[in-house]
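Visitor: I've just pulled this one up on my screen. Could you walk me through it?

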Amino acid sequence: MSDDKPHAAGNIDAGDTSERVGMAVLRERGLDPEELREKLLDAIGAEFTTYYYYTNLRMHLAGHEDYKEITEDARLEDRAHFELVAPRVYELGGSLPNDIRDFADRASCPDAEMPVPYETEGFELDELTAESILEVLLEAERCAIRTWSEICDMTQGVDPRTYDMAQRILQEEVEHEAWFVELLSMERDGEINPAGHFVRGEPGDAPLSTNRRFNDSA
Amino acid sequence: MTEPATWTVELRVPDEADLDAAGESRTLEVREDQSILAAARSAGIWLSADCQQGWCITCAAKLLEGEVDHSNAKRYYPSDDEAGFVLTCVGQPRSDLVLEVEQYDELLRHRAEHDKPPGRSKLG
């Protein structure tokens, strides 16, 4: 290797596929790539379970077509977040759990379950209100904001690739919170509390986080 | 209207914790309607946390003295209580407390030993 280009060498032997420079450079900068990888798995576990639970919540907003449309955007964008970061888990030497139950167990946010009991006949729909569903949606978004903020803190100035993903997701989660603050404010309190929301180009547009739009190789 | 009670909470930070206060003890006042985490962060002690809904266990601590209410936790098991683990993000004091903070790894192992999430899926 040329003495003029020390970055072309490093501690990994040429052709060694058992190591990844993409992980070594993080370690050299003080970030434990395995710890980050585990955190990412927890975070995308939450995105994936949220995608599932939002499907159920959306199905039960009959008569509130505007709420359904916005929940649909959030639902599909959470799936986009999972798909954006899943490749990063593999780049960091990890993989998705074989058992989906393990993936759900370790999700970093609570299950966004229907806010009424589920009995043998199904949900107790007599007790269900749009307000209670919006509260579940809002708290789910707030958890996601905290998670992705933590990951931004871990990676800022150290791991630009993960940071770029995390900050894109964080921006959309902040928008989702604003949407549900607006809807719950009116539904529960009769208050106008604007989200400053312009409609997505298409359902679940994920303007900042759709994987293929800026990452064709993933 | 009655003012909420306030309790004195001592936070013991392990030497190996990745906090400015590592190896030190900090004492703060926490209202009974306030989480320990929120009070600590307001006092400039940036304890680890993630979901802040009593689910992910990032904020775990060990109760050395006192009583904590966990009724706002999304996932807190009797076995956690019996072993003296506290989730500071939702835990509210019901007496003066002494806590050893930054106990995520310990609670994760405890959950795995009791076949409870997320320990069983992360360490199982």
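Visitor: In chain B, what share of the contacts with a separation of 6 or more comes from residues 24 or more positions apart?

Guide: Quick groundwork: this is a predicted model, where local features need pLDDT of at least 70 and side-chain atom pairs count only at pLDDT 80 or more, while totals for chains, interfaces and linings use all residues. Residues are numbered from 1 along each chain as its sequence is written, chains are lettered from A and ligands numbered from 1 in the order in which they are written, and side-chain values use heavy atoms, with hydrogens and water left out. A contact means heavy atoms within 4.5 Å. For chain B, the share you're after is 58%.

Visitor: In what order do the elements of chain B run?

Guide: Helices (H or I, at least four residues) and strands (E, at least two) are DSSP runs, numbered from the N terminus. Chain B has four helices and seven strands. Starting at the N terminus, they go β-β-α-β-β-α-β-β-β-α-α.

Visitor: What radius of gyration does chain B have, set against a compact globule?

Guide: The radius is taken over C-alpha atoms, and the globule rule is 2.2 Å times the number of residues to the power 0.38. With 124 residues, that rule gives a value near 14 Å, and chain B agrees with it at 14 Å.

Visitor: What percentage of chain B counts as buried?

Guide: Buried means under 20% relative accessible area, exposed over 50%, and partly exposed in between (1.4 Å probe, protein chains only). Out of the 124 residues of chain B, the buried portion is 50%.

Visitor: Over in chain A, is Val181(A) buried, partly exposed or exposed?

Guide: Val181(A) sits in helix H6, residues 160-189. Beyond its neighbours within four places in sequence, Val181(A) touches Leu138(A), Arg142(A) and Asn193(A). Its relative accessible area is 22%, so Val181(A) is partly exposed.

Visitor: How far apart are the end C-alpha atoms of H6(A)?

Guide: The expected span of a helix is 1.5 Å times one less than its number of residues. For the 30 residues of H6(A) that comes to 44 Å, and the model agrees, with the ends 42 Å apart.

Visitor: Which residue takes a positive phi just after H5(A)?

Guide: Helix H5(A) covers residues 130-155 and reaches 38 Å from its first C-alpha to its last, close to the 38 Å expected. Just after H6(A), Gly190(A) has a positive phi of about 65 degrees. Just after H5(A), a positive phi of about 75 degrees belongs to Gly157(A).
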